[in-house]
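Welcome! Let us take a walk through a protein model together, from its overall make-up down to one particular residue.

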Amino acid sequence: VREAFYEIGRSLAELLERKLYGSLGYASFGEMLTAREIMSVAQAFKFIEVARKFTRDKALLLGPEKAYALARYSARTKEEDDPESYLTRGFPLGGKRKPVEDVSLREILEATRTAVSRQKGEHGVSERARKDAEADAAKVEAWLRKEDATDAKVSLFFRRGTWQLRIAGPAHQLARAAK
């Protein structure tokens, strides 16, 4: 897996983007992964993200976890950096840029948490925004159940300084609910 994760990510991205899981008889990408016992959905999306954001050579140089952490930092912060640029320009740490090979995975994850909390002001403000978003997600789920979209799932994620909702479920139920 240490060397094959990039190709796995590219293949999974193609299955997902072209909805090829449907031709294999599955209603969703996650259902296919689970039924075929390939890997967890979370791990699959990590590999996909790395394959989308990095060239093969740079991804292999970093490894799957560090490459994903850099992609996540770029996606969750106001920095408009291309995650690959950290390899040439260094990673922003402590007000300076430090060579990526000298930065640990833990430091990248901590820098991501710190940067995200600073984007919206103090921690209390960010925590309130998260709780408000969770309440909104619960309202959307309740509405979907009321509209008989009982298999629909609502998930919450943070991207580029704002909380967002992702709704997934059987197309026929969501289409019916949207009418």
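A good place to begin is how the chain meets itself. Of the contacts in the protein with a separation of 6 or more, 46% are between residues 24 or more positions apart. Keep in mind that this is a predicted model.

Now for the building blocks. The protein has 10 helices and four strands. Reading from the N terminus, their order is α-α-α-α-α-α-α-β-β-α-α-β-β-α. Some overall values are gathered here.

| Property of the protein | Value |
|---|---|
| Box filled by the C-alpha atoms, along the principal axes | roughly 55 × 40 × 20 Å |
| Share of the 179 residues that is buried | 34% |
| Exposed area | about 10,900 Å² |
| Share of that area from carbon and sulfur atoms | 51% |
| Distance between the mean positions of the 34 positive and 27 negative charges | 3 Å |

Next, look inside. In soluble globular proteins, nonpolar side chains tend to be buried together. Which residues have the most contacts inside the largest nonpolar core? They are F54, L70 and F91, in a core of 20 residues. Two or more residues of this core come from each of α1 (5-17), α4 (41-53), α5 (56-62), α6 (64-76) and α8 (105-119). The biggest contribution, five residues, is made by α6.

To see this core from one residue's point of view, try L70. If you set aside its neighbours within four places in sequence, L70 is in contact with F54, L62, P83, Y86, F91, V100 and I108. Two names in that list may ring a bell: F54 and F91 are, together with L70, the residues with the most contacts inside the core. Another core lies apart from this one; it has 10 residues, including F29, M32, L33 and A44.

Finally, visit T55, which sits in the loop between α4 and α5. Is T55 buried, partly exposed or exposed? Its relative accessible area is 38%. Buried means under 20% and exposed means over 50%, with partly exposed in between, so T55 counts as partly exposed. Leaving out residues up to four places away in sequence, T55 touches Y6 and E84. With Y6, the separation along the chain is 49 residues, while the C-alpha atoms of T55 and Y6 are 8.8 Å apart in space. Try finding T55, Y6 and E84 in the structure and tracing the touches between T55 and the other two.

Note on methods. Residues numbered from 1 in each chain as written. Predicted model: local features only at pLDDT ≥ 70, side-chain atom pairs only at ≥ 80, totals over all residues. Heavy atoms only, no water. Buried < 20%, exposed > 50% of the residue type's maximum accessible area, 1.4 Å probe, protein only. Contact = heavy atoms within 4.5 Å. Areas by Shrake-Rupley, 256 points an atom, 1.4 Å probe, with all protein chains shown as cover. Lys, Arg positive; Asp, Glu negative; His and termini not counted. Charge placed at Lys NZ, Arg CZ, Asp CG, Glu CD. Core = buried A, V, L, I, M, F, W, Y, C linked by side-chain atoms within 4.5 Å.
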